[in-house]
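Here are some notes to go with your first look at this one. Have the sequence and the 3D view open side by side as you read.

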Amino acid sequence: MRILVTGGAGFIGSEFVRSVLSTDSESRITVLDNFTYSGVEENLAPVAHHPGYACVRGDICDVETVDAVMSGHDAVVHFAAESHVDRSIDGAAPFVRTNVMGTQVLLDAARRHGVGRFVHVSTDEVYGSIGTGSWTEESPLDPNSPYAASKAGSDLLALACHRTHGLDVVVTRCSNNYGSHQFPEKVVPLFTTHLLEGKRVPLYGDGGNVRDWLHVSDHCHAIELVLRGGRAGEVYHIGGGSEITNKELTGMLLEATGHGWDMVRQVPDRKGHDRRYSLDITKIQRELGYRPQISFADGLAATVDWYRDNRAWWEPLKSRAALS
Ligand code: NAD
């Protein structure tokens, strides 16, 4: 299969590229990425000389670039996005441009070139917040942050492209990912690297917000299942079954780095902060045999070890982004 992977230099996209090329000798991958602040060339270094790998530096909003790159691919796996909620609160425009406009440009090009499958990678955040129980794939979208609203818009455009034009689209909605190579502005790498540097970590509000955590490699295996076996026009949830509060997560990271609660400073809550996310993952388990393989405790320990051993990866990113 010849796969076009957008956003392949980012956290999840690069894991997908490394994983597919190391396990499937039949696949060929082209990465399309314009290397924003979160796209890191080094993430793709392990596959740089792989015969099945190519990389195009380009913007998914650029019609001509996308048109030229799309040709000759059987499938698209679309990760490229502006992905950080806090940045979307500071300024929503880049989120609308990349997440909404960029997705439409890709869908149009995929149609023109007769692409056989388009996997649109999305998030549980499109549903808003849930007090009890879990969302199914039929739950209404009710996003609260500009990031989530832009992802909801792109999900709907992708599904509309299937219904209107018959493009073979599948949408995945996943819970919070963690693992190696995650840009150090997100909570797990931010807290881990701060603690490794001996800096205090900023915990939002009362720390009671609940998130479900999934190791990035489990997410990527699920995307492969959906790519190969998902039904056209369907949405699939991907989750880890590891719901914990941000305060519990902080406690685990303090323990893993040998620190106490004096290293935590409480900061005012994020605007519009969703209280809890929870996905029902029965559909993907039943239809595609998905099972997450990595327990949160093991995965988090390995992740902390990775950041401890790879300071040369994150230190320049952190200082460039002035993360404090
Ligand atoms: P990331 O920020 O690490 O990576 C995004 C990548 O997209 C970067 O390489 C960046 O350079 C590229 N990109 C951004 N704008 C682009 C543009 N206009 N043209 C081409 N490339 C562009 O994000 P991530 O955490 O790897 O997330 C990937 C996808 O997964 C996103 O669509 C996100 O919404 C979704 N998702 C993420 C999570 C999570 O926990 N991180 C959970 C569920 C879903």
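The points below go through a few strands, a helix, some loop residues and the open and closed spaces.

1. A word before anything else: this is a predicted model. Please read every value below as something computed from that prediction.

2. Let's start with strand β5, which covers residues 117–123. Seven of its seven residues are buried, so the rest of the structure largely encloses this strand. In a regular strand, side chains alternate between the two faces of the sheet. You can follow that here: R117, V119, V121 and T123 point one way from β5, while F118, H120 and S122 point the other way. Whichever way they point, all of them are buried.

3. Which strands sit beside β5? One is β4 (residues 75–78), joined to β5 in parallel by four bridges. If you want a spot to look at, find H78, which stands opposite H120 in β5. Another is β6 (residues 169–174), also parallel to β5, with six bridges joining the two. There, try V121, which stands opposite T172 in β6.

4. Now step over to β4 itself. A75 and V77 point one way from this strand, V76 and H78 point the other, and all are buried. Besides β5, strand β4 pairs with β1 (residues 2–6), again in the parallel sense and over four bridges. V5 has V77 of β4 as its bridge partner.

5. A short stop at T30, which you'll find in strand β2 (residues 28–33). Is T30 buried or exposed? Its relative accessible area is 13%, and buried means under 20%, so T30 counts as buried. It also shows how the fold brings distant parts of the chain together: T30 and L4 are 26 residues apart along the chain, yet their C-alpha atoms are separated by 4.9 Å.

6. Next, helix α4, made of the 20 residues 93–112. How far apart should its ends be? At 1.5 Å a residue the helix should span 28 Å, and the end C-alpha atoms are 27 Å apart, which agrees. Do look for the bend, though: α4 bends by about 25 degrees at G102. After the helix comes G114, with a positive phi near 65 degrees.

7. Staying with α4, which of its residues are buried? They are F95, T98, N99, G102, T103, V105, L106, L107, A109 and A110. The general rule helps when reading that list: an α-helix has 3.6 residues a turn, so residues three or four places apart point the same way. G102, where the helix bends, is among the buried ones.

8. A109 deserves its own look. This residue of α4 is buried, with a relative accessible area of 0%. Its C-alpha atom is 6.7 Å from that of M70, although the two residues are 39 apart along the chain.

9. Two loop residues have a backbone angle to check. F35, in the loop between β2 and β3 (53–57), has a positive phi near 50 degrees despite not being glycine. H181, in the loop between β7 (176–178) and α6 (187–196), has a positive phi as well, near 65 degrees, and is likewise a residue other than glycine. F35 is buried at 15% relative accessible area, and H181 counts as buried at 14%.

10. On to the spaces. How many cavities of 30 Å³ or more does a search of the whole structure find? The search finds one. The largest cavity has a volume of about 50 Å³. Lining it are V85, I89, E125, S145, R211, R270, K271, G272, H273, D274 and Y277. By type, that lining divides into three nonpolar, three polar and five charged residues.

11. Last, the second largest pocket, which holds about 170 Å³ of space. Its lining residues include E137, E138, R163, R173 and K283, and the whole lining divides into five nonpolar, one polar and six charged residues. Helix α5 (residues 146–165) gives the most to this lining, with four residues.

Definitions and conventions:
Residues are numbered from 1 along each chain as its sequence is written. This is a predicted model: local features need pLDDT of at least 70, side-chain atom pairs count only at pLDDT 80 or more; totals for chains, interfaces and linings use all residues. Side-chain values use heavy atoms; hydrogens and water are left out. The expected span of a helix is 1.5 Å times one less than its number of residues. The bend at a residue is the angle between axes fitted to the seven residues ending there and the seven starting there. Buried means under 20% relative accessible area, exposed over 50%, partly exposed in between (1.4 Å probe, protein chains only). On a 1 Å grid over the protein atoms alone, a cavity is a set of points where a 1.4 Å probe fits but cannot get out, and a pocket is an open set with protein on both sides within 12 Å along at least five of seven lines; lining residues have an atom within 4 Å of a point. Grid points are joined across faces, edges and corners, and a volume is the space filled by probe spheres set on the points. Ala, Val, Leu, Ile, Met, Phe, Trp, Tyr, Cys and Pro count as nonpolar, Asp, Glu, Lys and Arg as charged, and the others, Gly among them, as polar. Two strands pair if DSSP finds at least two bridges between them.
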